[in-house]
Amino acid sequence: MSRSWDVFCRVVDNFGDAAVCWRLASQLAGEHGGRVRLWIDSLPALQSLRPAIATNRARQVMDGVEVCEWTQDAAFGAPAEIVIEAFGGGLPEAYVDSMAQASPGPLWIILEYLSAEAWVGSHHGLPSPHPRLPLQRHFFFPGIVAGTGGVLHEATLEPRRRHFEADPQARSRFWIGLGFGLPVRGARVVSLFGYPNPAAGELLDAFAQSGEATVVAVPPGGLRAQVCAWLGSADPGDDTTLARDGLEIRLLPFLAQPAYDELLWASDWNFVRGEDSFLRAQWARRPFTWHIYPQAERAHGVKLDAFMEKYCAGLEPGTSSAMCALADAWNAPAGTREGRLGEAWRFLSTRQPELRRHADDWATRLAQVGDLAANLAQFCAERLK
């Protein structure tokens, strides 16, 4: 049965929130036949991910989704059957009042951030009555284990990845399309995307000291200024190649979602951040390092440790320890790494085959938890019978 959905997205983490909400809305429309409106308060952020989006149009249809600019005076109209409040960003007060007056009342879903913490399974799906209105909310927790909401994984993703990897010319077309040549045979390719990080110089030193030909692909973002500082250069702009100590640094343009997937597939190791690129790195079946969104009092450290404990299960003990050490050092405050990052990288750079097999196995196991959009559609269908 086709349902109507309103997805509300406040953009806090620039691209990550928009990316997750766009993927969810697109899947609900394309794979589940839903009538979907995506209310978003930053059209420019969405345009970066889906370039065909117009930033000067308050309403437009793209990929079966009605994209609506969320402003204070927006005309929201009648509420949908299912309302998604993404990441605790809240809903417009006038819209909530119209939900309370609707009969039957809409199903209100609070979509939380992805977490691997043990408590997630026991909180997933729990009801939460509104404090003043006759509305019932439900918490929906993405997760990487059974009993959670799962993670986003559109039906076309795996066929796309397999086609890319089976095509001997795909990597060449990817790099040439960005204005670069194919990396030299045998070079280690690392994609480097993250928040500003005091560990950037130490990581680049570790790459340079590895003795291996290394290509570092750096998309725009806060981390790129630190890469350029390590090079002793101002940022010369996109589509530029710089070099130091045997490293080839490629400064990439901003990549729309499909092209970013190809960057992950074309790399041997991916440094990623937040939630969306973190998840896409897992589906890429490559070793990766996560720069988790920093929180007050280092609350993010607990989330990082919870994920690494699950992800590293099954690795050789030394490899597991080094993976955790690299992740911890990459996320550590300035002055607390004490050389751990370089030491971990030197060890892990010799374990590529083991890590590649593990990443492949992990993605296969993760797929068994189920796709978040499908799990959400089923969750809502059971409550709207």
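How many cavities of 30 Å³ or more does a search of the whole structure find?

1. The search turns up 4 of them. Keep in mind that this is a predicted model. The notes below stick to the largest cavity and the second largest one.

2. Start with the largest cavity, which holds about 230 Å³ of space. Its lining is made up of 17 residues. If you want to find the spot in the viewer, go to Phe 15, Leu 49, Phe 193, Asp 276 and Ser 277, the lining residues that lie nearest the centre.

3. Which elements give two or more residues to that lining? They are α1 (15–32), α9 (257–266) and α10 (276–283). Of these, α1 makes the largest contribution, with 4 residues.

4. As for chemistry, the lining of the largest cavity is a mix: 8 residues are nonpolar, 4 are polar and 5 are charged.

5. Now the second largest cavity, at about 90 Å³. Its lining includes Val 20, Arg 23, Leu 111, Leu 114 and Pro 142. Further along the sequence, Val 151, Leu 152, Glu 275, Asp 276, Leu 279 and Leu 372 also line this cavity. Both α1 and α10 supply at least two residues here.

6. How do the lining residues of the second largest cavity divide into nonpolar, polar and charged? There are 8 nonpolar and 3 charged residues, with no polar ones.

7. One residue to click on is Asp 276. It is among those nearest the centre of the largest cavity, and Asp 276 also appears in the lining of the second largest cavity.

Notes
Residues numbered from 1 in each chain as written. Predicted model: local features only at pLDDT ≥ 70, side-chain atom pairs only at ≥ 80, totals over all residues. Heavy atoms only, no water. 1 Å grid on protein atoms, 1.4 Å probe; cavity = no way out; pocket = protein on both sides within 12 Å on 5 of 7 lines; lining within 4 Å. Points joined across faces, edges and corners; volume = space filled by probe spheres on them. Nonpolar A, V, L, I, M, F, W, Y, C, P; charged D, E, K, R; others polar.
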